[in-house]
Amino acid sequence: MAGRATIAGAVAASLPVAIGLWLALRHGLPPIAAQPMLFALQCSGAVVLLALVPGIEAVAHERLFHRSIDPLAGADSPRLIVNQRYIQNTLEQLAVLLPGLFLLAHYEPDLRLVAATAILWTLGRWAWWIGYHIHPLWRGLGVYSMFLGMVVLLWGVGRFGFELAGWAGVAALLGPFALIELWLFRVLRR
């Protein structure tokens with residue numbers, strides 16, 4: 001139970017900072033005049049370069065210069081294992097964020113929302129990575145990036161559903177997801 005409390009504390013500490021920073025970016029960035037889909041693609045490239053590629057490079061450099069050059073020798077350091085988990089988790093989170101960025105750019109005319117989301121998500125991935133290196137439970141410092149990606153995707157899919165069939169379309173697309181979430185919470189709490 002102490003582990004859950006530590007992660008919850010890290011999330012609780014970082015969430016207000018993340019919300020404040022997102023709002024500051026959203027209102028503080030200059031207006032962005034760009035083609036929305038191209039801008040979403042550019043932001044996607046930036047988050048991949050800044051959030052995923054450094055983790056890949058960290059693993060590659062450690063393998064090159066340490067005993068873990070043979071990945072089957074069992075010589076992986078705790079640092080390397082954390083970096084591998086960071087890469088895996090970041091790949092998973094990118095699969096949630098990237099379509100959300102495109103949907104946000106499509107439906108929201110103020111592209112500062114897309115930029116603020118991409119910047120804050122990247123900062124969250126860094127906080128998750130650094131926190132994990134301090135102690136696995138401190139990865140909660142960057143968990144807000146997971147929430148951010150999911151919220152943006154849910155909002156975009158909800159807008160798409162509304163565009164298709166009004167509130168019935170929203171319910172048809174978001175309802176099954178909500179039911180799966182409820183089922184997972186129920187089953188995994190046992």
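Reader: Leaving aside its neighbours within four places in sequence, which residues is valine 114 in contact with?

Author: Happy to start there, and please keep in mind that this is a predicted model. Valine 114 belongs to the largest nonpolar core, and is listed there with the residues that touch the most other members. Once neighbours within four places in sequence are set aside, the contacts of valine 114 are Phe39, Cys43, Leu101, Leu104 and Ala105.

Reader: Which elements give two or more residues to this core?

Author: The core holds 33 residues, and those touching the most other members include Phe39, Leu101 and Trp128. Two or more residues come from each of these elements: helix H1 (2-28), helix H2 (36-65), helix H3 (78-107), helix H4 (112-134) and helix H5 (144-188).

Reader: How many helices and how many strands are there in the protein chain?

Author: Reading from the N terminus, the elements run α-α-α-α-α. That gives a count of five helices and zero strands.

Reader: What share of the residues of the protein chain count as buried?

Author: Some scale helps here: the C-alpha trace spans about 55 × 45 × 30 Å along its principal axes. The accessible surface comes to about 10900 Å², and 74% of that belongs to carbon and sulfur atoms. Of the 190 residues in the chain, the buried share is 36%.

Reader: Among contacts between residues at least 6 apart in sequence, what percentage join residues at least 24 apart?

Author: Leucine 120 offers a nice example of a link across the sequence, since it touches Ala18, and these two residues are 102 apart along the chain. For the protein chain, among contacts between residues at least 6 apart, the part joining residues at least 24 apart is 72%.

Reader: Is leucine 120 buried or exposed?

Author: Leucine 120 sits in helix H4. Setting aside residues up to four places away in sequence, leucine 120 touches Ala18, Leu21, Trp22, Tyr144 and Leu148. The C-alpha atoms of leucine 120 and alanine 18 are 7.1 Å apart. Its relative accessibility is 3%, under the 20% cut-off, so leucine 120 counts as buried.

Reader: What kind of aromatic pair do tyrosine 86 and tryptophan 128 form?

Author: The structure holds five aromatic pairs, so you have picked one of several. A pair of aromatic rings is described by the distance of the centres and the angle of the planes. For tyrosine 86 and tryptophan 128 these values are 6.3 Å and 35°. An angle that is neither under 30 degrees nor over 60 makes the pair tilted.

Reader: Which helices hold tyrosine 86 and tryptophan 128?

Author: Both residues are buried, and ring pairs link them with Trp129 and Tyr132 into a cluster. The pair joins distant parts of the chain, 42 residues apart, with tyrosine 86 in helix H3 and tryptophan 128 in helix H4.

Reader: Why is the pair of tyrosine 107 and tryptophan 155 edge-to-face?

Author: This pair also links distant parts of the chain, with tyrosine 107 in helix H3 and tryptophan 155 in helix H5, 48 residues apart. The ring centres lie 6.4 Å apart. The pair is edge-to-face because the angle between the planes is over 60 degrees, at 85°.

Reader: Is tryptophan 155 buried or partly exposed?

Author: Its partner tyrosine 107 counts as buried, at 10% relative accessibility. Tryptophan 155 has a value of 31%, which lies between the cut-offs of 20% and 50%, so tryptophan 155 counts as partly exposed.

Reader: Where is the place of glycine 140?

Author: Glycine 140 is buried, with a relative accessible area of 0%. Not counting neighbours within four places in sequence, glycine 140 is in contact with Ile7, Ala10, Val11 and Ser14. Its place is in the loop between H4 and H5.

Reader: How far apart in space are glycine 55 and tryptophan 126, C-alpha to C-alpha?

Author: Glycine 55 is found in helix H2 and is buried, with a relative accessible area of 0%. Leaving aside neighbours within four places in sequence, the contacts of glycine 55 are Tyr86, Ile87 and Trp129. Tryptophan 126 is 71 residues away in sequence, and the separation in space is 9.8 Å.

Technical notes:
Residues numbered from 1 in each chain as written. Predicted model: local features only at pLDDT ≥ 70, side-chain atom pairs only at ≥ 80, totals over all residues. Heavy atoms only, no water. Helix = DSSP H or I, 4+ residues; strand = E, 2+ residues; numbered from the N terminus. Buried < 20%, exposed > 50% of the residue type's maximum accessible area, 1.4 Å probe, protein only. Contact = heavy atoms within 4.5 Å. Areas by Shrake-Rupley, 256 points an atom, 1.4 Å probe, with all protein chains shown as cover. Core = buried A, V, L, I, M, F, W, Y, C linked by side-chain atoms within 4.5 Å. Phe/Tyr/Trp six-rings, centres within 6.5 Å; stacked < 30°, edge-to-face > 60°.
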